[in-house]
Number of protein chains: 2
Amino acid sequence: MQLAAHPHQPDYSPRQNDVLDSALRLLVDGGEKALTTAGVARAANCSKESLYKWFGDRDGLLSAMIGFQASKVRTFDDTAETLTAETLQEHLVLFARDLLEVLAGDVSLALNRLAIGQASRDGSKLGSMLQERGRRQIGKRAGALLEAGRYAGLLVFEDRDDAYDTLYGLIVSDLHLRMLLGEDSGRMAKDFGRRAEKAVSAFLRLYGSEKSSA
Amino acid sequence: MQLAAHPHQPDYSPRQNDVLDSALRLLVDGGEKALTTAGVARAANCSKESLYKWFGDRDGLLSAMIGFQASKVRTFDDTAETLTAETLQEHLVLFARDLLEVLAGDVSLALNRLAIGQASRDGSKLGSMLQERGRRQIGKRAGALLEAGRYAGLLVFEDRDDAYDTLYGLIVSDLHLRMLLGEDSGRMAKDFGRRAEKAVSAFLRLYGSEKSSA
DNA sequence: GGCGAACCGTACCGTACGGTACTGTTATTG
DNA sequence: CAATAACAGTACCGTACGGTACGGTTCGCC
């Protein structure tokens, strides 16, 4: 496994982005086994030689796919409006729903499966890369929200990471793993709204100030 | 993928159990890629022909490995003593620590990675098998504990599965996934005790009756 | 027009793996 | 002791895949 020498978003050409798109679709449809270099070349109407020229290696292709996908789902920063108990709850529920929907996405599931499959061998660069660009990014959004809630006197906590960890667990529990194991994610997607509300409700019971439970 | 025709624990011979043990060790050490039929045969000092005679198929071998491992970590039932606030809390913390240690186990991680890798193709029988024999089993223990707590008036909840889902999320959060992605599990193992206590504390704040917060 | 770079399509190579067949060896049974 | 079954060890086969090389085509540039 050899990641790109320049870790700072290599920013591929449009043509190469199209290829990465095809590769991702291939991965989603057929799993890692279907992601052969010949298959990618055929699906993207490019030559294997170009694949190796652009990405150097099959592992380089995988890394590029992860980076490419991560760059597409950039987390948007929440508006820094002044929070009330209601808006904080709304923002938290919105965050929870977004999180669940991202985790349940076809591409997200496929990439996580891919990275987990590679985690045993080599230094598992893919895993840390997914972790870094995936959860860490979305975690920033949650962290900002939590800090804003604390600043407004609506939340009480000492360690922000602990609070976020709790929030994450309440929202996701083992749902992500179950989906990764193949449990039908489409069937349970309809409950995301309800699940998000329950998780946020519990979180506010744990970390909300008296002021927030008006 | 073809599971055994008789799903009720085929119960292999001692010799075959030894082979499955070798295969598990091989899987733990080298990941799925290292789990070749020739490798298993070499590690277990048996012939490939015997492997195919006993397990029929590579997938049959994988299923057998999961069933074999699941049969080894059977969940023990908790003593049905009368619960007090203190003993309930102790039992919950014990459960949490056991859960974390099981999830962080080498073999558990390797098998989960294996099942997740297979989840994309075929009907993902391995995934549901792991789910059934893994979480469902340990969930029974938690369910009994929760029911006992409710019976003793220490816990208040309507849906036991919801309560267990919350407890699970508080204990594990995304720790399991991070370990599956390759984050060093040994380094974080020392925090399991503290993590278990915090999770149970939060759970009791959510679901404990006034009687329990004495 | 001529030239070179980029690139597609394909053929090709080496290897690794799943699965099968064969041979020799041990051990059990009548 | 003879016969049979089980099994280890190994050789073998077909295939699939990662990676490379090469001919042909398009496109931009002088």
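**Chain contact and DNA surfaces in a predicted model**

The contact between the two protein chains takes 35 residues from chain A and 35 residues from chain B. The model is predicted. About 3000 Å² is buried between chain A and chain B. Carbon and sulfur atoms give 57% of that area. Three residues stand out on the side of chain A. A:Ile116, A:Leu181 and A:Leu206 supply 22% of the area that chain A buries against chain B, more than any other three residues.

Polar and charged pairs also cross this interface. Six salt bridges are found between chain A and chain B. In one of them, B:Arg195 pairs with A:Asp165, and the closest N and O atoms are 3.0 Å apart. Ten residue pairs are in polar contact across the interface, with both residues at pLDDT 80 or more. Several helices of chain A build the side that touches chain B. The helices α1 (14-34), α6 (106-119), α7 (125-151), α8 (160-172), α9 (175-180) and α11 (192-207) each supply at least two residues. The largest share comes from α8(A), with six residues. By class, this side of chain A divides into eleven nonpolar, eleven polar and 13 charged residues.

The two chains are related by symmetry. Chain A can be laid on chain B by a turn of 180° and a shift of 0.0 Å along the axis, with an RMSD of 0.1 Å. This is the relation of a two-fold axis. A:Gly169 is the residue of chain A that comes closest to the rotation axis, its C-alpha lying at 2.1 Å. Of the interface residues of chain A, 100% are also interface residues in chain B, so the copies meet through the same surface.

The fold of chain A is described by helices. Chain A has eleven helices and zero strands. Its C-alpha trace spans about 65 × 35 × 30 Å along the principal axes. Over all chains, the structure holds 24 salt bridges. One of these joins the side chains of A:Lys72 and A:Asp21, at 3.6 Å from N to O. This pair links distant parts of the chain. A:Lys72 lies in helix α4 (residues 58-72) of chain A, and A:Asp21 lies in helix α1 of chain A, 51 residues apart.

Both protein chains contribute to the surface near DNA strand C. There are 15 residues around this strand, and A:Arg15, A:Ser50, B:Lys48, B:Glu49 and B:Arg58 come nearest. Helix α3 (48-55) of chain A and helix α3 (48-55) of chain B each supply at least two residues of this surface. The largest share, four residues, comes from α3(A). The surface near DNA strand C divides into three nonpolar, five polar and seven charged residues. Of the strand C atoms within 4 Å of the protein, 56% belong to sugar or phosphate, and the rest belong to bases.

Individual atom pairs show how strand C is approached. A polar backbone atom of A:Ser47 is 3.2 Å from a phosphate oxygen of DNA strand C. A backbone N or O atom of A:Asn45 lies 3.4 Å from a sugar or linking oxygen of the strand. A base is approached by B:Lys48, with a polar side-chain atom 2.5 Å from a base oxygen of DNA strand C.

DNA strand D also has residues of both chains around it. It is surrounded by 14 residues, of which A:Lys48, A:Glu49, A:Arg58, B:Arg15 and B:Ser50 are the closest. Of the strand D atoms within 4 Å of the protein, 54% belong to sugar or phosphate, and the rest belong to bases. The surface near DNA strand D has three nonpolar, five polar and six charged residues.

Contacts to strand D involve phosphate and base atoms. A polar backbone atom of A:Thr37 is 3.0 Å from a phosphate oxygen of DNA strand D. An N or O atom in the side chain of B:Arg15 is 2.5 Å from a phosphate oxygen of the strand. A polar side-chain atom of B:Glu49 lies 3.5 Å from a base oxygen of DNA strand D. The elements that give two or more residues to the surface near this strand are α3 of chain A together with α3 of chain B.

Key. Residues are numbered from 1 along each chain as its sequence is written. Chains are lettered from A and ligands numbered from 1 in the order in which they are written. This is a predicted model: local features need pLDDT of at least 70, side-chain atom pairs count only at pLDDT 80 or more; totals for chains, interfaces and linings use all residues. Side-chain values use heavy atoms; hydrogens and water are left out. Contact means heavy atoms within 4.5 Å. Buried area is the accessible area (1.4 Å probe) that two parts lose on being put together, summed over both. A salt bridge is a side-chain nitrogen of Lys or Arg within 4 Å of a carboxyl oxygen of Asp or Glu. A polar contact is a pair of N or O atoms within 3.5 Å; within protein, one must be able to donate a hydrogen and the other to accept it, and residues adjacent in sequence count only if both atoms are side-chain atoms. Ala, Val, Leu, Ile, Met, Phe, Trp, Tyr, Cys and Pro count as nonpolar, Asp, Glu, Lys and Arg as charged, and the others, Gly among them, as polar. A residue is near a molecule or strand if one of its heavy atoms lies within 4 Å of it. Copies are superposed by least squares on the C-alpha atoms of residues with pLDDT of at least 70 in both.
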